[in-house]
Structures are given as structure tokens and as C-alpha cells.
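Trainee: Could you take one part of this model and examine it closely, setting out its surroundings in a connected account?

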Amino acid sequence: MWLITKLGWYRENRLSSLSRGGSFCVLSGTSGASVGQGTCPLVPEKDLERVICLKSEILRIREEALRELSELDRPEALQELKVKVLGKKGSLTAMLRQMGSLSPEERPIMGQVVNEVRSQLEQAWEKRSAELERIALEQRLATERIDITLPGIRVPRGHYHPLTQVIEEIEDIFLGMGFQIAEGPEIESDYYNFEALNLPKEHPAREMQDSFYITEEILLRTQTSPVQIRTMEKLHPQLPVKIIAPGKVYRNDDDATHSPMFHQVEGLVVDRGIRMSDLKGILLNFSREMFGESREIRLRPSFFPFTEPSAEVDVSCMLCGGSGCRLCKGTGWIEILGSGMVHPKVLEMGGYNPQEVTGFAFGMGVERIAMLKFGIEDMRLLFDNDLRFLQQF
Ligand SMILES: [Zn+2]
């Protein structure tokens with residue numbers, strides 16, 4: 001049959017075969033064509049036959065590439081397939097090399113076919129690539145889903161410890177009266193803690209403070225008073241000296257009203273013409289700001305080695321107002337601090353001439369002020385770190 005017209009046979013039989021993607025002939029170089037896979041009865045000798053053979057092969061490459069493209073599911077496979085078809089050694093690129101066997105008239109037509117197929121394939125690649133990316137993204141979104149409607153864990157908000165609150169309030173009150181804040185070391189020498197404060201060794205008043213000694217000469221400070229000496233040493237002969245010294249102190253005591261570590265705020269004023277009435281005025285103002293406008297104070301004679309004269313300071317009871325109750329043990333007064341005029345020897349130790357300047361000093365326990373202010377009866381509660389207690393302030 002096909003002897004009558006080869007081309008006619010081709011049109012009737014092979015085109016339908018082509019449309020099913022069948023492979024039938026392969027051209028080898030420019031020397032002619034060989035029968036491929038035993039299905040093509042053509043031996044292409046003329047341009048037209050070669051064109052048909054080439055074109056059918058190109059279409060086959062296209063169909064196969066599109067089929068593989070639609071089946072692959074990894075982006076890496078996409079690239080591998082692209083190299084296999086469109087790369088330098090790819091099957092479609094190889095077809096361009098076959099065109100040498102065509103006549104000059106046929107070449108541009110075949111070139112156009114190859115280029116069209118190439119551009120169709122490139123478009124298909126981009127489309128498939130975008131599809132794969134979208135599928136990968138959807139899979140990630142599905143597996144990495146976070147439920148943002150779940151409530152978070154609320155971080156509890158804390159607040160200052162009642163002692164810190166009281167220290168800051170005391171500082172604020174004295175800063176408002178023109179004082180400055182001074183600090184000193186908690187591990188102190190015997191000299192600053194005792195001797196410079198008119199407490200030489202063997203002085204019986206040392207017995208009032210059961211101390212933690214580290215060596216014979218070094219101890220945990222028993223009071224904030226050493227800061228007075230350190231400040232005067234630093235400032236002299238400058239005037240005035242007007243400081244408060246808040247901080248931790250240490251004594252070997254432990255019961256409902258004593259803790260081995262507690263806080264003091266010490267005050268010191270040195271200037272020309274400082275009198276005891278200045279001390280009283282400052283402390284009255286402090287008591288009213290801390291405990292209420294209607295508070296009164298009274299000074300009772302007392303003894304401290306570093307002040308002369310010395311006085312305990314009582315404030316009128318904040319609970320009963322002075323009429324007498326359980327808090328003030330029926331007296332109407334509550335002791336809040338110790339004070340006095342700075343001893344001349346202490347002024348000298350600090351580098352000032354007691355003939356020219358005078359001063360007053362006072363010291364209070366922060367825990368005692370906090371207990372009075374908040375109505376706390378056991379000092380140990382302040383150090384137990386029990387939130388049920390601390391959250392009340
Ligand atoms: Zn009272």
C-alpha cells in the first residue's frame with residue numbers, strides 16, 4: 001500500500017499513531033535517517049519526509065515532557081526534567097542539531113516549530129513550578145498550623161516589697177527637705193563601725209550591739225552610722241553636710257521584733273549654728289509626712305555614744321491618736337527612732353572643728369517604721385517571702 005504513496009500512508013496511519021504519542025523514527029546526524037524502534041517504515045530521503053519525521057519527534061518530545069511534568073511532585077525533579085529536555089544536551093536541543101539535514105527552505109520552518117515547542121514547554125514549566133510551590137505552601141500551612149485563639153499564659157505582675165516601699169518613701173521625704181543620699185560598705189572595719197563613732201575598744205556600749213565579726217578588725221556593720229564618718233571625711237571642710245544613709249545592717253538577734261539582717265536609715269546634718277530645735281523640726285516634718293498630718297513628736301533623754309545630748313523620739317500613736325491603745329501600750333506614744341547632737345569627738349573624727357560647727361544625727365529602723373505603717377506584728381513575716389503576705393501591700 002505505502003509503495004503507491006509513502007506520504008499518503010504516513011498521513012493515514014502514522015499521524016493517528018503520533019496523536020497517541022507513539023515514537024516511530026529517529027534521525028541520525030546529517031547522514032540520513034534510520035528506522036527507530038521498528039515502527040516507521042519510512043526511510044526519509046527527501047526533505048518533506050525528514051520534516052515530517054523531525055516534527056513528529058519534536059511533538060513526541062513535547063507530549064512526553066508535558067506528561068512527565070504533570071506527574072512529578074518535587075521541585076528538584078522539575079529542574080532535572082528541564083535539563084533533560086531543554087538543557088544543552090536535552091532532547092529538544094538535540095533536535096535543533098538535526099536541522100543540518102534539511103534544505104535551506106525547510107530549516108526556518110523547523111526552527112520555528114522547535115522554538116514554539118520550547119516556549120510552550122517553558123510556560124508549562126513555570127505553571128507547574130508555581131503549582132508545586134503552592135502545594136508545598138499549603139502542606140506547610142496545614143502541618144504547621146498554630147491555634148492563635150488559645151489564651152496565653154499571663155505573667156504575674158509583681159510590686160515592690162513593703163520594705164522597699166518604705167525606704168523609698170523615707171528617701172522621698174528627706175530629698176524633699178534638701179538631703180542627699182549617701183551609701184557605704186556593708187562589710188566594715190572596726191574603726192568606722194565603732195572607734196570613729198566614739199566607741200573605743202572595751203567601751204561597754206559595744207555590748208549593746210551583738211556583732212558578726214569576720215576578723216578582729218572586720219565585721220558586718222551593725223549600724224549605718226559609719227557612713228556619717230565616711231561622708232564627713234570625704235566632704236570636709238565643705239558645709240553643709242546634709243545626708244541620709246539607707247542600707248542593710250547586721251546584728252546577732254532573732255525574734256519577733258529582731259532580725260539578724262535589717263535596714264536602717266541614718267541622717268546627718270553638720271553646719272554652723274545647727275541646734276536641737278532644727279533636729280526636732282526635721283523629725284516632726286518627717287513624722288507627719290510618714291504617719292499623718294496630725295502626728296506630734298516628743299523627745300526623751302537617752303544615751304548614745306556618738307551623740308550628746310541624745311534623745312529617743314516618740315510619735316503620737318497613729319492608731320488611737322494619743323488616747324492610749326494596745327499598739328501604744330496605753331501610753332499614746334510610740335518610739336520610732338534615736339537621735340541627738342553629734343558628739344564633738346565624732347565631728348573631729350570626721351575632720352570638722354567642733355568649735356566652729358555643730359550637727360545632729362538620727363537613725364531609724366526601716367522594719368519598725370514598716371510594721372507601724374502597715375500594722376504588722378511579727379518582723380519575720382517581712383523576710384518569709386510568703387506571697388500571701390506580701391501581696392497585701
Ligand atoms: Zn495608741
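**The surroundings of F360**

Mentor: Leaving aside its neighbours within four places in sequence, F360 is in contact (C-beta atoms, placed from the backbone, within 7 Å) with V269, I274, M276, D278, L279, S339, G340, M341 and V342. The model is a predicted one, in which local features need pLDDT of at least 70 and side-chain atom pairs count only at pLDDT 80 or more, while totals for chains, interfaces and linings use all residues. Residues are numbered from 1 along each chain as its sequence is written.

F360 also belongs to the largest nonpolar core (buried Ala, Val, Leu, Ile, Met, Phe, Trp, Tyr and Cys residues joined through C-beta atoms within 7 Å), which has 50 residues. Within that core, the residues touching the most other members are L197, V270, L283, V342, F360, F362 and I369. One of these, V342, was listed above among the contacts of F360. Burial is judged from the C-beta atoms, placed from the backbone: 20 or more others within 10 Å make a residue buried, 12 or fewer exposed, and counts in between partly exposed. Another core lies apart from the largest one and holds 16 residues, including V51, L81, V85 and L102.

The next element to consider is the sheet. Strands here are DSSP runs of E of at least two residues, and helices are runs of H or I of at least four, both numbered from the N terminus. Strand β11 spans residues 358–365 and pairs with β7, residues 261–271, in the antiparallel sense over eight bridges; pairing requires that DSSP find at least two bridges between two strands. At one position of this pairing, D271 stands opposite T358 of β11. On β7, eight of the 11 residues are buried, so the strand is largely enclosed by the rest of the structure.

Strand β7 pairs with β6 as well, residues 241–250, again in the antiparallel sense, this time over 10 bridges. There, P246 has V265 of β7 as its bridge partner. Taken as a whole, the sheet is open, has seven strands with mixed pairing, and follows the order β3-β6-β7-β11-β10-β9-β8. Its edges are formed by β3 (180–181) and β8 (297–304), each of which pairs on one side only.

A helix follows β11 in the sequence numbering: α11 covers residues 366–374 and lies across β7, β10 (333–342) and β11. Helix α11 runs at about 60° to β11, where axes are lines fitted to C-alpha atoms, for helices over the stretch in contact, and angles between N-to-C directions run from 0 to 180 degrees.

Moving along the sheet to β9, one meets S310 in that strand. S310 is partly exposed, because its count is 19 other C-beta atoms within 10 Å. Setting aside residues up to four places away in sequence, S310 touches S302, F303, F304, G338 and G340. Of these, G340 is 30 residues away from S310 in sequence, yet the two lie 4.0 Å apart in space, C-alpha to C-alpha. G340 is also among the contacts of F360.

Some backbone details deserve attention in this region. The peptide bond from E308 to P309 is cis, with omega near -5°, and P309 is found in β9, residues 307–316. A cis peptide bond also joins H236 and P237, with omega about 5°; P237 is placed in the loop between α8 (226–235) and β6. In the loop between β9 and β10 lies K329, a residue other than glycine whose phi is positive, near 55°. K329 is exposed, with 11 other C-beta atoms within 10 Å. E202 likewise has a positive phi in a residue other than glycine, near 75°, and is placed in the loop between α7 (190–193) and β5 (218–220). E202 is exposed, with 6 other C-beta atoms within 10 Å.

For context, the protein chain comes to 12 helices and 11 strands. Of its 393 residues, 31% count as buried. Among contacts between residues at least 6 apart in sequence, 64% join residues at least 24 apart.

How values were computed:
Contact = placed C-beta atoms within 7 Å.
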